[in-house]
Amino acid sequence: MYGKGLALLALVTAAQAHMHLFFPPTLKGDNNPFTKGDADPLLNYPYGCCGKPSPGPCKGHLGLLDTDEGKPVVTWQAGQKANFSLSGLQINTPTENPYGGNHFGGSCQVGLSLDKGKTFKVVSTWQGNCPLREGGEDPANQVFDFVVPADVPAGNAVFAWTWVNREKEFNMNCASVAIAGGNGENQQQPAASSSAPAPSKTQSAQHPESTGAQYTLKSCTCECPSQTYTDSCQCTCESPAVSRRLVEREALTLHKRRLQHAEKMKAPVRRTEAVAFKSRPDMLINIDWKDKEDGQCHSAGSPYELKFPDPGPTVVQGDGEYQLKEPTC
Ligand SMILES: [Cu+2]
């Protein structure tokens, strides 16, 4: 499972698992609220490794889509900023303990299928440094931002994440998601049109609502201003032993964080796409399945990280730590 150069690294990071998609929770994932019975203990495993036959796209779980276990785990607005996260932590099952690590990087793609997993269109491609080399295995440190294409039609979709590392290991996990229309107002109407929002609507959606807030900190009650970062918070403290100044500063820090988060959530909806969703390239899925030769691409492997031959319109370049190379297909 490891190239020679990785043996030492594996010891250093005390790796216990390969990476899997953590958020949105995967089909049959241990953190998916709709999973019944045991989670799939193989979500961490690369395809065809360890004498296990490759199960097909999405770790073989596409059949769950129309069942209770395949209900959407998240709703994204077309055009919104979103993120996914990866985990190398052990899948919580009684039977298996997948072994591996973040392999100090690799290349990833995420994409969406609108036909229940028959075809996957690329949404975003990471050429190198995915998972993040220094991010360890905790999903809190393996978060990747992307933008849901503005022209994805509303409805249910399959979100897919793929990974090819320098050991020529391929993994793919999927999550059932719902896409809502892009104007930010029709979350409850999955069948609504996907047309871009009228400018006036986008405008009003961006207007900051009042974000003034009250916090209770160290037995002080603090009022923090709305909409601005420069004002200070004002606290009333019960105990004279508490430094009001310090608490006011702490409250402001808290409040700023809240404002920043609120701003992120209100990111403007994108209105146009350079490449129409249906004209985006397909995700590269038939690559490096260990138990299959026919129809497979093969990555160059160490010391190269995969360069996707057709990465689509949104590419995140890695850190240049390893040269990129296209696979042979
Ligand atoms: Cu491995």
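In the predicted model, a disulfide joins Cys-222 to Cys-235, with an S to S distance of 2.1 Å. The torsion about this S-S bond is about 110°, so the disulfide is right-handed. Cys-222 belongs to strand S10 (residues 220-224), and Cys-235 belongs to strand S11 (residues 234-237). The pair therefore ties together parts that are 13 residues apart in sequence. Cys-222 and Cys-235 are buried.

A disulfide also joins Cys-224 to Cys-233. Here the S to S distance is 2.2 Å. The link of Cys-224 and Cys-233 is right-handed, with 110° about the S-S bond. Both of these cysteines, Cys-224 and Cys-233, are buried.

Cys-297 and Cys-329 form another disulfide, and their sulfur atoms lie 2.0 Å apart. With 115° about the S-S bond, the link of Cys-297 and Cys-329 is right-handed. This pair links distant parts of the chain, 32 residues apart. Cys-297 sits in the loop between helix H3 (244-265) and strand S12 (305-306). Cys-329 sits in the segment after strand S14 (324-325). The two ends of the link fall into opposite classes of exposure. Cys-297 has a relative accessible area of 9%, which is under 20%, so Cys-297 counts as buried. Cys-329 has a relative accessible area of 69%, which is over 50%, so Cys-329 counts as exposed. In total, the model holds six disulfides, including the pairs Cys-222 and Cys-235, Cys-224 and Cys-233, and Cys-297 and Cys-329.

The copper site comes next. The protein donors of the copper ion are His-18 (NE2), His-103 (NE2), and two OE atoms of Glu-169. These donors lie 2.2 to 2.5 Å from the ion. The angles among the four donor atoms run from 52 to 125°, and the site is irregular. Tetrahedral geometry is excluded because it needs all angles between 85 and 135 degrees, whereas the angles at the copper ion start at 52°. Along the chain, the donors follow the spacing H-x84-H-x65-E. His-103 lies in the loop between S3 and S4, and Glu-169 lies in the loop between strand S7 (155-164) and strand S8 (170-180). The pair therefore ties together parts that are 66 residues apart in sequence. Glu-169 is buried, with a relative accessible area of 5%. His-103 is buried as well, at 3%.

The backbone also has unusual points. Most residues other than glycine have a negative phi, and most peptide bonds are trans. His-103, a copper donor, has a positive phi near 55° although it is a residue other than glycine. The loop that holds His-103 runs between strand S3 (81-87) and strand S4 (107-113). Lys-59 is not a glycine either, and its phi is positive, at about 55°. Lys-59 is found in the loop between strand S1 (20-23) and strand S2 (75-77). Its relative accessible area is 6%, so Lys-59 is buried.

Cis peptide bonds precede two prolines, Pro-131 and Pro-303. A cis bond joins Cys-130 and Pro-131, with omega about 0°. Pro-131 has its place in the loop between strand S5 (121-127) and strand S6 (143-147). The bond from Ser-302 to Pro-303 is also cis, with omega near 10°. Pro-303 lies in the loop between H3 and S12. That loop between H3 and S12 also holds Cys-297, the buried end of the link to Cys-329.

Key:
Residues numbered from 1 in each chain as written. Predicted model: local features only at pLDDT ≥ 70, side-chain atom pairs only at ≥ 80, totals over all residues. Heavy atoms only, no water. Disulfide = S-S within 2.5 Å. Helix = DSSP H or I, 4+ residues; strand = E, 2+ residues; numbered from the N terminus. Buried < 20%, exposed > 50% of the residue type's maximum accessible area, 1.4 Å probe, protein only. Donors = N, O, S within 2.8 Å, 3.2 Å for Na, K, Ca; no water. Tetrahedral: all angles 85-135°; square planar, octahedral: opposite > 155°, others 65-115°.
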